[in-house]
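Q: I am new to this structure and would like a close look at one part of it, the cysteines. Could you walk me through them and show me the setting they sit in?

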Amino acid sequence: SNLEELFALEPQHLTSSQRHIRENARYFFDKLKLLSDGERSRLISYLLVRCFLVVVSTPDLDSAYRIFSTLNARGLNLSLTDLLKARIIGAIPEDEQAKYTRIWEIEEEDLGREAFQELFSHIRMIYRNTKLKETALNEFLKYIQPDKEPKRFIDETLKPYSDAIDIVKKADYKGPNAALINPIFGWLNQIDNFDWVPAAILYISKHKNFPGKLEEFFADLERLAAGLMIMRAYSHTRIGRYAKLIASIEEDADLFLDDSPLQLTSDEKEKILETLNGDLYLIVRIRQYVLLRLDCVLADGAASYDYKTITVEHILPQNPKADSQWVDWFKYKDQSEYVHKIGNLTLLSRKKNSQAQNYEFAKKKEKYFSSSAGVSSFVMTTQVLQQAKWTPDVIEARQAELVGKLKDLWRL
């Protein structure tokens, strides 16, 4: 009867863990039904006689985590959050444990196991404000000590930070200025690292009821994160910068002064512009982000990019045929100085076509860059379609225009 009650539960009303338990129980129940009475008796005998329970004791939680990770070869790995949950919930009076267990599980269910695990690394960064120097578990227990005031940790840290990261990850801020704030979250989530997240969730948790502040802060946070990415700043440089930003947020410092860690320095602006004016195509990790950001600016911020495939394409081919019009247009210029620049790049919502890349300009526009309606999914590509020629002068003018747009966007 207990199994019947379990199977009768609607999956949509269960947590992720409860759904897995229900699915596993159903699987074993269905398999056991296929066995004869004799086979089931032999299985029971086997379980009673040939299966053993091994108890392993360790001197501390960190050792237990290492041993479990070594021995465990099946199922989900024991995570940092599993260990902390046992420690934190265990420190709460028994009559309140069910309540706080439910709060914990709701937050984990809302974020998903992987994102919930990530949340704890961001919480550690907010508290420690430095790179990880010991095991994450050791640092949590030694410096944050969530088991000292477990209810306060869940109420004042875990839940608000979980809610904040959920808003950021889903770009789902609700309130005034949401139409301006959520697109910025979308861009931040495309940055190639997550070092900016602790500062983001800390700021939201402190200023969630001030949409004007949120809009101004996150516009500048995207500027900083994009700038560090474009400069290919090393991990320790990024972490150090965001650590200073976290400290400034905690101190309620003015983040919009020139010397704030949120703001780009003059040297950083110069380095970013140097990269944008260089061979952007060759920097694989940043080229698509920069061009999509640029295309959005050209579309007055109204563009959305829900395409399965987006590719960065050259207009002037990398290796044009010797007898092509391309060669004639560039006979007095070094093609290599133009081919990988922003001014010669565009975006397509389709896979690359090696044959089409060497088409003459008119054919390339007709067959490769345009749709049946004669336009493109991207504003910057539609602009290319409006050109009759693709000469050095066109690329130089386009380079100046497009870099100028980014210069205005990021106040460079």
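A: Happy to help; here is a look at the cysteines, followed by the chain around them. Please keep in mind that this is a predicted model.

Let's begin with bonding. A disulfide is a covalent bond between the sulfur atoms of two cysteines. In this structure, the number of disulfides is 0.

Now for where two of the residues sit. Cys51 has 38% relative accessibility, so it counts as partly exposed. Cys296, on the other hand, has a relative accessible area of 7%. That value puts Cys296 among the buried residues, because buried means under 20% relative accessible area.

With these residues placed, we can turn to their surroundings. Of the 412 residues in the chain, 42% are buried, and Cys296 is one of the buried residues. The secondary structure amounts to 19 helices and 2 strands. Take contacts between residues at least 6 apart in sequence: 67% of them join residues at least 24 apart.

What about the overall form? Measured out along the principal axes, the C-alpha atoms fill a box of roughly 85 × 60 × 40 Å. The chain has a radius of gyration of 28 Å, whereas a compact globule of 412 residues would have one near 22 Å.

Finally, the surface and the charges. About 23000 Å² of the chain is exposed, and 51% of that comes from carbon and sulfur atoms. The side chains include 57 positive and 60 negative ones, and 5 Å separates the centres of the two sets.

Terms used:
Residues are numbered from 1 along each chain as its sequence is written. This is a predicted model: local features need pLDDT of at least 70, side-chain atom pairs count only at pLDDT 80 or more; totals for chains, interfaces and linings use all residues. Side-chain values use heavy atoms; hydrogens and water are left out. A disulfide is a pair of cysteine sulfur atoms within 2.5 Å. Buried means under 20% relative accessible area, exposed over 50%, partly exposed in between (1.4 Å probe, protein chains only). Helices (H or I, at least four residues) and strands (E, at least two) are DSSP runs, numbered from the N terminus. The radius of gyration is taken over C-alpha atoms; the globule rule is 2.2 Å times the number of residues to the power 0.38. Contact means heavy atoms within 4.5 Å. Accessible areas come from the Shrake-Rupley method with a 1.4 Å probe; for residues, only the protein chains shown count as cover. Lys and Arg count as positive and Asp and Glu as negative; His and the chain ends are not counted. The place of a charge is taken as NZ of Lys, CZ of Arg, CG of Asp or CD of Glu.
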